[in-house]
Structures are given as C-alpha cells and as structure tokens.
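Trainee: Could you take me closely through one part of this model, and then work outward from there to the parts around it? I would like a connected account that I can follow residue by residue.

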Amino acid sequence: MILSREDVSQVAFLARLELTDEEKDKLTGHINNLLQHFAKLQELDTDAVEPTSHVIPVENVFREDKARPSLPPQDVLANAPESQDDCFAVPRIVET
Amino acid sequence: MDLAGLTVKAAHELLKSRQVTSRELTEAVLRRIESVDDKTKAYVTVTSDIALRQADAADKRIASGDAAPLTGIPIAIKDNMCTRGVLTTCSSRILYNYKPVYDATVVERLAAVNAVMVGKTNLDEFAMGSSTENSGFFASRNPWDTEKAPGGSSGGSASAVAADECLAALGSDTGGSIRQPASFCGVTGMKPTYGRVSRYGLVAFASSLDQIGPITKDVTDTALLLNVISGKDPRDSTSLDVPVPDYTKSLAPDVKGIKIGVPKELFGMGTAPEVASAVWDAVKLLAGLGAEWKETSTPSVEYGLPVYYIIAPSEASSNLARYDGVRYGLRSKDSPDPITMLMKTREEGFGAEVKQRIMIGTYALSAGYYDAYYLKAQKVRTLLRRDIERAFEEFDVLVTPTSPTVAFGLGERVDDPLAMKLSDVCTIPANLAGIPAISVPCGFHNGLPIGLQIMAPGLGEEIALRVAYAFEQNTDYHKQKPNL
C-alpha cells in the first residue's frame, strides 16, 4: 500500500473534506488501486521531455486597462447562502 | 408529422418556408419530453416557459424574413453551462439551488440567433464519469435499452437527442464526455479543438482539457451548431483567435485520396470484437469511396489513461476549491466556524466520485509527490502529443472505435472504477492532444449502437466533418431510432 489511512486523512484535510470513517476506508482502497495503475508511467524515460501544461502556447493575454461594467452587488449576492449589508456573511472568524 | 424527430436542417427548411412555426416545433418537443422523459431521465430542468417565449420571439424573427439555421430550433444544454436565472446544478448537491446571473458564451450565441432552450440535461456530477450514474440526483438511461447507461458525462444530452427530446444539444468533453455518450446513444457528437469554442460560463472541471461541443442527429447538424458556437471570446483567454470557416462547406461526400491512419494500440485495449469489426467495416467502406488507409502506431496512447487520471483530478481539485459555502450553492447547516463550514459543506455537497478525484488531485499536487505524479503526467502528455502529431504528418485523420464496447448495464461498472474509466481509453488522447474528434454511429450489436471516432489535427474540424459526412451519407445507422 502506497497510501495509509492516516495519509488519506491528511490529504482530506488539505482538500477540506470531512470524510466519514467508511469513506476513508473506501478511498484508501480506491486511491491505492489508482496509484498502482499510475506506476506504469515510470516505465517511460522523461528526463529530457518538457511538460505540457497547455496544448496551445498562450502567454499573458492582455486587454486594455479600461473599466468595464461589472455585476451589481445584488446580482453578486443573489446566490449567497447568507449576506448582510452588501457583503457575504460567514461564521465569525476573529475572536472578540 | 413527427416534428420532434426532425433534424435541425430539416426543421430549419420547414420554419423558413413557413410550413411550421417554432412554437409548433417547440410544443412538439415539450410534449415528447412529457411522454418519454420518465423513461430516459435526460433532463434535470425543463424550461417550458422560457422555451415558448423564445419560440415566439423566433417566429417573429422568421416572419421578418430572417431565419438563421438555428433560429427557432429547440436545443438542450448540459447542466454545467451557465444559464441566466435558470438552475445550473452540474448535477451536484453542492449547486442544487444555483441560478447564475450570467449566460455562458455558447448560450449567449445560441440566443443571439434565436435558438430555443428547452432545458438543462443531466450529467455525472461536475462531468466526472462515463455513465451519468454519478449524477447527484438520478441516473439517466439509454433510449435504446433503458436498463443500459447512456454513457457520460453528457449522458443527458445524448439521451435527449436520441430520444427526440430536443433537436440538438450541447455537451462538454474533458476525456470523452461528448463522444462516448453519443456513441452509446447512436447519435453524432463532436469535441472541437481545444480553444475553438469559448469555455466562459462552462463550470470548470479540468481547464486544460474541457471543451464544449454539439451532440446532434447527424453530421450536418453538428456543422450547423459548430458554426454558431465557435470563435474567439475575449472572456476566455484560451479561446483561439482564428477565423471560423463555414463548416457546412466541408459536407462533401468525397474522401478520394484522404489518408486514414488506424492506430493499432487503440484497438488493443479491451475492444469488443463486434466493435472492432464494425470499425474495420467503416474503414473498408471509406476505402471503397477512395480513401487510403494504413495501420499505424502511436505507442504512448497506452499511457493516456494514467496521464488523464492524474491531470484531470489535479486540475479539478484546484477548480473545485471554490465550493466553500460562502458565495453560492450549499452551506452546511452545521457551520459554527469557517473551517467546519468548509469541511461539512464539501462533505455534504460532493458525491463519492467527486471526492475521490479531489483526493487524487490534492495528493498528486502535494509537496513531495508533485514531481512523481503531476509533473510526470505532464511530461508523458508531451510524448503522447508528439506521437499524435507525428501520425498526422502521414495521415489526414485517425480512426478508432469511440468506445471499446457498446453501452454497459446500469450499475454494472459502478463498483469497478477502472473498468468504468477504460471506456474512455480511445477518447482521452484527443483531449490530451487538444485535437478535434467526432463520433458517428457505425453499427449495432444486440440492438445497441456502436460509434466510430474520427480524429483530426488541431483546427482540422473540416476534414473530420468531411470524412464523417461521407461515411454517414453511405450508411443509414444515423437514421435509426430507438423504440421508447
């Protein structure tokens, strides 16, 4: 096994997923299966190969620095689970 | 007349000559949805009111003598494309109530020619899957046999087109999600060149692979939709600033001298004998029409699956970080503090497949593993691209099965993720290389459709369409309809 159940818990925390015990067990199996499958890539010598992050060579697409109309606040907040005074509302972050 | 069963082209002729109104056509499609959608489960949302309003607007435009090829045509949109004021769920609980405040560029372009939107179609949650069984709401079904999967992730769109619940649809394709369901449902589906169609307003899954494309009843209709949705969009900096040809001009049933390559590796990986023989028959038919063919080798495509299943989840884990319960979608009721809110919202909102991919991606991108997985996969992606580019130095198109098998049974592969992913083995290379590929029906096995995939070099949509059209015009698989 490449990835232990503890590793899975750590990755889940990094991904901000609160997994149940059952999910952790299942994912540990699934992920290890996939990682074994990925090992096939090590057959290839890629030392001298450039990585492809994008198929078309696009770099720094600029536009003129001009103000354009943007969404009104009520539209921006239209889907917010909670909002207040034209802001997104979240549980308290800073202790008082 | 069976209006819902018409192609876009045929409906356009009737609209233009004023034999039918868009309202009549749209009402016929809505009635068809009413009568068969409980069998196909193709739609997440049917937008009847909007459709009828748009149909009336289209009729006015047509009355003024201005009937564009898609004016008044009822079209379905995969539910991962933003539609202003209309639910856009990605078939995920985490977006169960999301109503975008803007339209995707493709939706805008369809509206600009007064096409009619009849509804939003089901998908594997966030387009992650190959059967539409990963939908957070319900599984869609294959109109040819409702116990079989329609394929995925654009299973709702493909099922709706095959069942005449729309005249055409839009899908999105990250690893085969337009072509594989088109193949399973016996319709035509095309993934254009990466950047050919704007992704603005397409909910991001894997940004270096995602591309929007048409799912239609024949090749002509694919060309008609492609004409409208293609082109540069300043809001998607990866969209290509290359003139859009009139794709209907490629519809010549002539393949004389066209060089077809048949990559042997893509026949080797679990291709069912009946699929292989239907595809070989297709190659021979094209040869009979004057094309030349030869077997070829693109060895690195064998690494396509592992490359894809590292790159796509990595990009997804980053893209899906935005679902935090703050700005839209679900927020867990159990949100005493921000971190708990994040973790519980994502736990409650995402389904098993999405979680698995976020986990894989997070791991592949994490410190210490980045080089071994993500970077390695990107390098192998380069090798794969080179192999494919090399093949196109010799050939005009590459032909393979779209999927190694016909539609599998619902539930059959849910617990076997590798078998599920294998159904994308022939479609993934086109996404990794960014090239266009089309799937057209090329046979049946046990009453289930088989798909032929035609790949072309980057921006070679025209040659892919031409070969697909020539094949279609000499066969009648695309004219067959399922009994629902």
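Mentor: Lys355(B) sits in helix α12 of chain B, and in this predicted model its relative accessibility is 4%, so Lys355(B) counts as buried. Setting aside residues up to four places away in sequence, Lys355(B) touches Leu17(A), Leu19(A) and Glu23(A) from chain A, together with Arg346(B), Glu347(B) and Phe350(B) from chain B.

The helix that carries Lys355(B) also meets a helix of chain A. Helix α12 spans residues 352-365 of chain B, and it packs with helix α1 (residues 5-14) of chain A at an angle of about 95°, the two axes being 9 Å apart. Since angles of 65 to 115 degrees count as roughly perpendicular, α1(A) and α12(B) are therefore roughly perpendicular to each other. On the α1(A) side the contact is made by Val8(A), Val11(A), Ala12(A) and Leu14(A), and on the α12(B) side by Met359(B), Thr362(B) and Tyr363(B). Sorted by class, this contact has 6 nonpolar residues, 1 polar residue and no charged residues.

From here we can turn to the nonpolar cores. The largest nonpolar core has 103 residues, and those with the most contacts inside it are Leu70(B) and Val118(B). Helix α16 (residues 461-473) of chain B supplies the largest share of this core, 8 residues. Apart from that core lies another, of 69 residues, which includes Val49(A), Leu95(B), Val354(B) and Ile360(B).

The next topic is the sheet of chain B. Its 11 strands form an open sheet with mixed pairing, in the order β1-β3-β2-β4-β6-β5-β10-β11-β9-β7-β8. The edge strands are β1 (43-46) and β8 (292-296), each of which pairs on one side only, and neighbouring strands of the sheet are turned by 30° against each other on average, direction ignored.

At the β1 edge, β1(B) pairs with strand β3 (residues 116-121) of chain B in the antiparallel sense over 3 bridges, and Tyr43(B) stands opposite Thr121(B) in β3(B). Helix α2 (residues 22-40) of chain B lies across β1, β2 (74-78) and β3, and runs at about 20° to β3(B).

Further along the strand order comes β6 (residues 211-216) of chain B, which is mostly covered, with 6 of its 6 residues buried. Strand β4 (residues 168-173) of chain B is joined to β6(B) by 6 bridges, and the two run antiparallel; within this pairing Ser172(B) stands opposite Ile212(B). Strand β5 (residues 188-191) of chain B is joined to β6(B) by 2 bridges, again antiparallel, and here Thr188(B) stands opposite Thr216(B).

Strand β5(B) is covered on both faces, with Thr188(B) and Met190(B) buried on one side and Gly189(B) and Lys191(B) buried on the other. This strand is also joined by 3 bridges to strand β10 (residues 437-445) of chain B, which runs antiparallel to β5(B), and Met190(B) stands opposite Ile438(B) in that partner.

The loop between β5 and β6 of chain B holds Ser207(B), which at 22% relative accessibility counts as partly exposed. Leaving aside neighbours within four places in sequence, Ser207(B) is in contact with Tyr194(B), Arg199(B), Glu315(B) and Asn319(B). The C-alpha atoms of Ser207(B) and Thr174(B) are separated by 8.6 Å, although the two residues are 33 residues apart along the chain.

Two helices of chain B complete this tour. In helix α4 (residues 105-112), Thr105(B), Val106(B), Val107(B) and Leu110(B) are buried, and the buried residues of α4(B) pack against β2, β4, β6 and α7 (219-229) of chain B. After α4(B) comes Asn114(B), whose phi is positive, near 60°.

For helix α5 (residues 155-162), 8 of the 8 residues are buried, so this helix is largely enclosed by the rest of the structure. Its buried residues are Gly155(B), Gly156(B), Ser157(B), Ala158(B), Ser159(B), Ala160(B), Val161(B) and Ala162(B), and just after α5(B), Asp164(B) takes a positive phi of about 60°.

Definitions and conventions: Residues are numbered from 1 along each chain as its sequence is written. Chains are lettered from A and ligands numbered from 1 in the order in which they are written. This is a predicted model: local features need pLDDT of at least 70, side-chain atom pairs count only at pLDDT 80 or more; totals for chains, interfaces and linings use all residues. Side-chain values use heavy atoms; hydrogens and water are left out. A nonpolar core is a set of buried Ala, Val, Leu, Ile, Met, Phe, Trp, Tyr and Cys residues joined through side-chain atoms within 4.5 Å. Buried means under 20% relative accessible area, exposed over 50%, partly exposed in between (1.4 Å probe, protein chains only). Helices (H or I, at least four residues) and strands (E, at least two) are DSSP runs, numbered from the N terminus. Two strands pair if DSSP finds at least two bridges between them. Axes are lines fitted to C-alpha atoms, for helices over the stretch in contact, and angles run from 0 to 180 degrees between N-to-C directions. Angles under 35 degrees count as roughly parallel, over 145 as roughly antiparallel, 65 to 115 as roughly perpendicular and the rest as oblique. Contact means heavy atoms within 4.5 Å. Ala, Val, Leu, Ile, Met, Phe, Trp, Tyr, Cys and Pro count as nonpolar, Asp, Glu, Lys and Arg as charged, and the others, Gly among them, as polar.
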